[in-house]
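Please find below my notes on the structure you sent round. They go from the overall make-up to one helix and then to the core.

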Amino acid sequence: MAGEDVIETTQKKDMLAMAMLKGTMDLHDKAEKCSYILRMIESRITRPQYRLLLADLHVIYSALEEETEQLKEDPIYGPMYCPDELNRVKNLEKDLHYFYGPNWRKAVTPTKAALKYADHIHDIGRRKPCLLLAHSFVRYLGDLSGGQVLKFKMSRCMSMPASGEGLYFYQFDKVQNAIRLKNYLMGRINNLEVEPELYNDLLQEARLAFQLNIDVFEELEPIAERINRLRNPPQNIVLFEKIWQASTVMLSFAVMYNLSNTLSAVV
């Protein structure tokens with residue numbers, strides 16, 4: 001039995017990064033099919049809709065980077081500790097300033113799902129901080145890969161300035177090659193000495209990280225749709241408004257005509 005445990009541990013620790021990727025593929029696909037994310041992928045998102053996400057990401061990354069700040073020497077999280085290269089909070093704050101102005105902290109309202117996500121990060125930061133590896137793995141590696149594609153799409157559909165303002169979240173100033181850094185981090189995670197129980201906990205936490213992100217996207221979508229309807233009301237409403245305006249004008253003319261006839265009769 002002891003020999004089997006050693007074999008199992010060795011096999012699993014060599015596959016941890018790939019196991020987290022493969023173990024979350026179904027949730028990754030589900031996340032990409034969320035209506036809010038499709039707005040980004042299909043270049044249909046507007047500035048008022050996109051800035052909603054920034055407010056949520058700020059809450060989430062603030063929690064994550066606060067909790068991981070002390071984990072440089074942690075034997076499990078340590079290999080993922082690259083704050084100068086990865087941290088997103090400062091860039092998010094630049095973007096929020098761009099979209100909301102200097103008083104953005106008073107203007108933003110994070111979703112309940114984002115606040116729940118942040119609370120969970122703080123909770124495991126207190127109970128079992130090494131599990132934050134799964135959340136950093138899901139968030140930062142996604143930002144380094146798919147996030148760069150989204151940056152290009154949103155830059156065009158939202159007519160963002162060439163300077164990069166408003167999209168600093170996707171900009172990694174101290175990373176020369178995003179793919180190389182991603183592969184480097186995956187290699188370090190694969191080399192971790194992870195016992196089977198912790199291995200399984202990390203896989204489950206990675207799945208939970210994806211689900212918490214999906215919950216955020218699903219709460220954002222109806223808000224984004226309301227914004228869309230205000231900017232682009234349905235044609236029947238537009239037609240009704242035009243008919244109402246025309247009727248109001250006709251009624252005004254009728255009143256004026258009757259008033260004119262009454263005055264003429266009196267004279």
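1. Two residues are in contact when they have heavy atoms within 4.5 Å of each other. On that basis, of the contacts in the protein with a separation of 6 or more, 83% are between residues 24 or more positions apart. Please keep in mind that this is a predicted model.

2. The secondary structure is quickly described: there are 14 helices and 0 strands. Written along the sequence, the pattern is α-α-α-α-α-α-α-α-α-α-α-α-α-α.

3. On burial and surface: the protein has 267 residues, and 44% of them are buried. Its accessible surface is about 15,200 Å², with 56% belonging to carbon and sulfur atoms.

4. Helix H13 deserves its own point. It covers residues 196-231, which is 36 residues. From first C-alpha to last, H13 reaches 53 Å, close to the 52 Å expected at 1.5 Å a residue. H13 nevertheless has a kink of about 25 degrees at glutamate 221, shortly before proline 222.

5. Which residues have the most contacts inside the largest nonpolar core? They are Met40 and Tyr50, in a core of 81 residues. H13 gives the most to this core, with 14 residues, so the kinked helix of point 4 is also a contributor here. As a general matter, nonpolar side chains in soluble globular proteins tend to be buried together.

6. The surroundings of tyrosine 50 can be listed. Setting aside neighbours within four places in sequence, tyrosine 50 is in contact with Tyr36, Met40, Ile45 and Phe99, and also with Met154, Met158, Gly166, Leu167 and Tyr170. Met40, named in point 5 for its contacts inside the core, is thus one of the partners of tyrosine 50.

Notes: Residues numbered from 1 in each chain as written. Predicted model: local features only at pLDDT ≥ 70, side-chain atom pairs only at ≥ 80, totals over all residues. Heavy atoms only, no water. Helix = DSSP H or I, 4+ residues; strand = E, 2+ residues; numbered from the N terminus. Expected span 1.5 Å × (residues − 1). Bend = angle between axes of the 7 residues up to and from the residue. Buried < 20%, exposed > 50% of the residue type's maximum accessible area, 1.4 Å probe, protein only. Areas by Shrake-Rupley, 256 points an atom, 1.4 Å probe, with all protein chains shown as cover. Core = buried A, V, L, I, M, F, W, Y, C linked by side-chain atoms within 4.5 Å.
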